[in-house]
Amino acid sequence: MKVVKNLTVAAALLISAIGMANTEATDFGKKTVAKYEVEKNLVKVNLDPTFVKKGQKIMMNLLNVSKGKVLLKVYDSEERLVFDEAIDGDIVVEKSFNFEKAFKDEYTIVVVDKFGTYKKKMVVR
């Protein structure tokens, strides 16, 4: 029984020593942040959509961290709406636009999310 008591006291002292090892002597008794935590403002994430063109197709990828509504629209050269879709709640928005059977024209793909409006042109010849 005495051995169990000694081991319990030793374990408690070890755990408290490990907890205090991550703070400085001046921080004793204060609520502090662990030294190994990464500050959020050190990491910069680009939230603009990525467009990749392969032949007559354009693939679009968007990291939607707000999980808000994303509007996808395609206009022709006379600003007539050719395609319209709203995606809500997805963190990753992926869409492929196929212009292989489209009429010869210049099309504009428009992506609208909480952070801005992004455009990509596609010329079909």
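1. In this predicted model, strands E1 and E2 form an antiparallel pair joined by 5 bridges. Two facing positions help to fix the register: Val-52 lies opposite Met-59 of E2, and Thr-50 lies opposite Asn-61 of E2. The hairpin made by E1 and E2 has 2 residues between its strands, and there Gly-55 adopts a positive phi near 65°.

2. The pair belongs to an open sheet of 3 strands, ordered E1-E2-E5 and paired antiparallel. Strand E1 (50-54) and E5 are the edge strands; each has a single partner strand, so one side of each lacks a neighbour in the sheet. From one strand to the next, the twist averages 15°. As general background, strands of a sheet pair through backbone hydrogen bonds, in either a parallel or an antiparallel sense.

3. Which residues of the largest nonpolar core touch the most other members? They are Met-60, Phe-99, Ile-109 and Val-111, in a core of 16 residues. Two or more residues each come from strand E2 (57-63), strand E3 (69-75), strand E5 (92-98), strand E6 (105-113) and strand E7 (116-124). In soluble globular proteins, nonpolar side chains tend to be buried together.

4. Phe-99 deserves a separate entry. With its neighbours within four places in sequence set aside, Phe-99 is in contact with Gln-56, Val-74, Tyr-107, Ile-109, Met-122 and Val-124. One of these partners, Ile-109, is also among the core residues that touch the most other members.

5. On the overall fold: the protein chain contains 1 helix and 7 strands. Their order along the sequence is α-β-β-β-β-β-β-β. Among contacts in the protein chain with a separation of 6 or more, 47% are between residues 24 or more positions apart.

6. How much of the protein chain counts as buried? The share is 22% of its 125 residues, where buried means under 20% relative accessible area. The exposed surface of the protein chain comes to about 9900 Å², and 57% of it is supplied by carbon and sulfur atoms.

How values were computed:
Residues are numbered from 1 along each chain as its sequence is written. This is a predicted model: local features need pLDDT of at least 70, side-chain atom pairs count only at pLDDT 80 or more; totals for chains, interfaces and linings use all residues. Side-chain values use heavy atoms; hydrogens and water are left out. A nonpolar core is a set of buried Ala, Val, Leu, Ile, Met, Phe, Trp, Tyr and Cys residues joined through side-chain atoms within 4.5 Å. Buried means under 20% relative accessible area, exposed over 50%, partly exposed in between (1.4 Å probe, protein chains only). Helices (H or I, at least four residues) and strands (E, at least two) are DSSP runs, numbered from the N terminus. Contact means heavy atoms within 4.5 Å. Two strands pair if DSSP finds at least two bridges between them. Axes are lines fitted to C-alpha atoms, for helices over the stretch in contact, and angles run from 0 to 180 degrees between N-to-C directions. Accessible areas come from the Shrake-Rupley method with a 1.4 Å probe; for residues, only the protein chains shown count as cover.
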